[in-house]
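Me: I'm new to this structure and would like a close look at a single part of it. Could you start with the strands that pair up and form a hairpin, then show me what else is worth seeing?

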Amino acid sequence: MVSTLVDLVKITAASTGTGAITLGNPVQGYRGVEALTNGKDYSYSIQDGPAWEFGRGTFLSETRQFIRAPSDSSDGGVAINLKQNAQIAFTALSADLDAGNLPALVDEKVAESTAGMVVAADLASTDDGKGAALVGFTPDETPHGRSVGERLRDNMSARDYGAVGLGVSRAVGDLGFANLAAAQVYYPLATNLADKLAYNPLCLRFSSYAQAIAYYPWLVDLYASNDDGWKYQEQDWAAFQHVLKLTHVYDADSAVYQNRAFDATDGDFAVSRSLMVPVGAAILGRGRSQTKGQRGTRFLQTSTCMDVFRFDVLVDPANGQGFWFGTMRDFHVYGYSGVGASGRADSTGIALYTADGTPVALQNNSHFADITVRGVKGHGYDFARGALPAVLDRLEAVFCTGYGLIWRSRADGVAISGFSADGNGSGAMLIDSLGSDSSLLIENPKFEAHYSYDFPTTGNYQANPIRIKNNGDGAQITVIAPNSIRAITNPTPNAITFTGALVAATSATLTSAFSGATNPNYIITFSDGSTRTVTLTNGSTAVSWTGAVTATASATYADLLGKPGDLIVHEGASVPSVQVIAPAIRVRNTDNPADADPRLFYSADLGIAIPTTPFTGLLTFTAALTAATSATLTSNFTGTTGAYYRIAFSDGSVRVATLTNGSTAVTWTGGAVTATANATYRDPTTPGLSGFALTKRDEVVCAGGNDVHRVFGTLGKKIEQSLTFPSDQLSGTSPGRWLYETDGPTNAQSWVEFANSGALETRVRKSDGTLTQVEKIVVNASDKPEKQLSRLTLTLGTTLTTGDFTVGGGWGTGATLAIVSASKDGRFTVDITAGASGLVANPALTLTFKDGAFAATPIPLAVGWNSTDNTGVDLKATASTTQVFINLLGTPLASKTYRITCHVL
């Protein structure tokens with residue numbers, strides 16, 4: 001402590017004793033108390049006869065007292081017993097003039113001389129009223145100036161509240177834990193008490209829970225008073241949570257909440273518990289990057305954190321449900337991938353739930369943009385109760401074990417634009433339980449079925465980009481320009497061994513037969529580091545390549561790149577209205593041929609499968625196939641020679657085949673086939689479908705490379721592809737509606753219906769490609785419809801039995817009836833053998849229709865004869881809507897057989 005120095009001050013004591021001195025009058029020739037300042041400390045010395053004392057004391061002007069504190073005295077360093085009128089001299093002591101005290105003394109004098117002036121120390125101070133509060137700020141062309149401090153408070157930064165990036169390192173043992181087990185309750189990653197982990201010194205500054213919540217009121221929401229967890233939170237999480245709470249502050253003067261922008265700043269910030277985002281928050285990061293050499297704003301999920309972000313809500317008084325609105329953008333969430341960490345089975349990067357797990361809805365055009373979530377052991381984003389409305393721009397989800405993005409419940413004017421998803425285990429997107437009145441737009445998404453570097457053991461490469469399930473009938477889902485590709489399948493090479501070392505070799509023999517898909521595009525890496533492209537054949541030990549190699553007998557090969565999965569997979573009995581425009585699914589000739597071709601849309605529940613490229617060509621083999629891997633065509637193939645044609649056989653199997661222009665030979669890989677002699681093929685150069693629309697009426701409209709296609713189906717029934725072949729459309733007719741079956745005879749495998757010259761025609765495509773007319777419906781001049789047929793057979797319906805007929809008593813005692821052929825309601829033939837006695841004229845035969853009543857009374861046409869004597873008879877036939885009645889005109893002859901044939905129209 002430095003004393004205040006004064007000149008020529010010596011004052012007599014107006015009191016006696018060893019206590020505080022009451023100062024009296026000045027000694028003659030010296031100044032008195034008018035030279036002293038209240039509350040200041042002064043050095044002093046006293047000489048009172050043989051007694052002496054010196055030290056420092058404080059002057060109190062109100063009582064004229066001097067509170068002395070001796071440094072030394074003639075009484076052993078304690079205050080001496082003063083006599084009346086003892087003299088106190090205010091003078092500098094040797095301690096005041098030591099070198100260590102001189103700077104402070106100078107500062108004091110400078111402070112006295114600069115009182116009222118702003119100095120550097122004031123500008124650097126963080127005390128109230130100093131620092132930025134002393135610097136003015138005036139925007140251009142406005143008189144409304146304010147301090148820089150006020151201007152800086154417009155935006156809040158977590159660094160202002162202690163965030164440093166990964167917290168402050170300190171040994172776990174220094175935090176007061178009794179043992180390692182006690183430390184692991186709060187720091188599960190600690191392996192011993194010497195481990196240095198992030199901690200929160202802001203909480204450690206408090207000695208009690210009451211002090212902590214006074215500074216951090218939101219701690220009450222997380223910890224009870226008997227839980228010491230509040231002491232051991234990472235500094236980054238505590239700082240971010242504190243500043244998030246301060247962005248949403250109630251202003252008593254205006255009776256409204258004020259929302260301030262939040263600058264998340266750059267750095268890697270450890271998040272040990274869910275960050276609760278207040279309503280109306282605007283969280284702005286400094287960019288995102290998955291590259292270690294570049295750093296934006298990254299939130300690092302620790303082992304104790306479940307969902308990195310959750311949300312506070314406002315409650316809608318109309319329905320009692322909570323909603324959130326605000327903006328989040330420009331940052332990165334990096335998941336914790338440690339195995340076995342507590343509370344980590346199903347976490348989410350950004351989860352629209354409250355602290356207690358209640359789903360949260362978005363409102364007021366909430367905006368999420370330019371955010372990446374990577375490596376979360378769970379989902380990237382979970383929009384738990386949808387929105388009305390909201391915009392999601394350029395979100396990215398990478399290597400999460402669950403879905404990249406989940407959208408649930410409702411979508412009222414929601415747009416998801418530029419979403420990118422790579423290698424998420426369950427799939428890129430789940431659209432779940434949309435209401436029938438929902439409308440969801442997904443624009444320009446990119447889906448990459450990619451090996452997961454963060455969770456390499458999961459074995460799932462985001463097979464299906466979009467999964468929709470449990471959505472209401474008619475829910476509108478529109479996907480524009482989706483892009484789906486397959487990237488790295490597995491970067492770990494596979495080992496193979498040759499029977500011997502290689503010396504300038506261009507071929508070798510494997511020690512065991514290759515087990516995998518046959519393909520000419522495998523890349524082998526030899527022990528000398530060289531690589532060659534080779535053909536590996538399933539079940540064969542032979543390997544050959546171009547370019548000699550000298551190496552050991554050990555080598556490796558990489559897996560073939562696989563094909564992406566079906567673009568959209570549907571689950572459930574509901575029929576949402578799905579429209580896909582301009583899809584792009586990349587399938588390369590070098591992709592693994594064992595992988596199924598991806599489809600634009602697949603629903604096992606609805607029985608709908610829409611391929612990316614249709615099977616348009618027809619093939620006919622010389623005979624049916626039995627466990628075949630090759631076949632011969634009935635005529636030469638006409639088309640481009642290629643090794644990657646896809647053939648669909650009548651048993652439903654698909655194989656990769658080689659077709660050669662001008663040849664009848666066909667061979668395929670992928671396994672033997674047993675099927676009929678008819679198949680279809682897909683030309684790999686054929687343009688794929690450019691989109692489709694699935695409507696609530698179970699109608700699928702597909703847009704192709706050259707024309708428009710329709711597919712019709714019914715719930716529970718399989719919908720086969722239905723395509724218009726431009727070359728088959730007759731001049732002047734409407735585009736045809738084609739129905740095609742894979743296992744029909746070649747002369748009746750595809751049927752077309754179209755309007756032609758004012759009539760509706762049905763034709764069949766024969767094996768030679770020509771169209772044969774089957775039926776025609778015209779409207780005559782009286783506006784009456786007329787159906788024209790080539791032939792009419794009445795062979796459909798339920799087969800009749802003798803119990804459907806009633807033989808009248810006039811046919812005689814013991815008369816019998818036999819059905820001659822497979823008879824139906826519309827056409828039947830029977831034999832009646834008359835009895836030997838009891839014959840009566842005009843006996844009756846009655847049929848009760850097996851398949852129920854006709855809508856109107858039909859017309860029966862009946863003929864008959866005595867087949868025993870081969871003589872003619874007369875019959876009378878009438879009908880009701882439920883029965884036909886036939887009478888033999890005359891009396892039957894005993895034991896004679898009568899054959900009766902009837903058509904019912």
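Reply: Here is a walk that starts at one hairpin and then moves on to other parts.

First, some ground rules: this is a predicted model, where local features need pLDDT of at least 70 and side-chain atom pairs count only at pLDDT 80 or more, while totals for chains, interfaces and linings use all residues. Residues are numbered from 1 along each chain as its sequence is written, and side-chain values use heavy atoms, with hydrogens and water left out.

Let's go to the hairpin. It is formed by strand 46 and strand 47, with four residues between them. Strands here are DSSP runs of E with at least two residues, helices are runs of H or I with at least four, and both are numbered from the N terminus. Strand 46 covers residues 599-603, and strand 47 covers residues 608-611. The two run antiparallel and are joined by four bridges; to count as a pair, two strands need at least two bridges found by DSSP. One of the facing couples is tyrosine 602 with alanine 609 of strand 47. In the turn, glycine 607 has a positive phi of about 70°.

Strand 46 has another partner too: strand 43 (residues 568-571) pairs with it in the parallel sense, over three bridges. There, histidine 570 stands opposite serine 603.

Now for another set of strands. Strand 1 (residues 9-13) is largely enclosed by the rest of the structure, because four of its five residues are buried, meaning under 20% relative accessible area (exposed is over 50%, partly exposed in between, with a 1.4 Å probe and protein chains only). Strand 1 runs antiparallel to strand 6 (residues 87-90), with four bridges, and lysine 10 sits across from alanine 89 there. Strand 1 also runs antiparallel to strand 2 (residues 21-26), this time with two bridges, and alanine 13 faces leucine 23.

What about the inside? The largest nonpolar core has 73 residues, and Phe309, Phe368 and Trp407 have the most contacts inside it. Such a core is a set of buried Ala, Val, Leu, Ile, Met, Phe, Trp, Tyr and Cys residues joined through side-chain atoms within 4.5 Å. Helix 7 (residues 235-246) gives the largest share of this core, six residues. There is also a second, separate core of 21 residues, including Leu510 and Phe514.

Two single residues are worth a stop. Asparagine 866, in strand 68 (residues 860-866), is buried at 2% relative accessible area. A polar atom of the asparagine 866 side chain lies 2.9 Å from the backbone nitrogen of threonine 868. Leaving aside neighbours within four places in sequence, asparagine 866 is in contact (heavy atoms within 4.5 Å) with several residues, among them Leu893 and Tyr898. Glycine 145 lies in the loop between strand 7 (136-137) and strand 8 (146-147) and is partly exposed, at 46% relative accessibility.

Finally, how far can you trust the picture? The chain has a mean pLDDT of 81, and 81% of its residues reach 70 or more; pLDDT is the predictor's confidence in each residue, from 0 to 100. Over residues 338-344 the pLDDT is below 50, and this stretch has 14 contacts beyond near neighbours in sequence in the model. Residues 704-729 are also below 50, with 68 such contacts. Where pLDDT is low, the predicted coordinates should not be read in detail.

Definitions and conventions
Polar contact = N/O pair within 3.5 Å; in protein donor to acceptor, adjacent residues only side chain to side chain.
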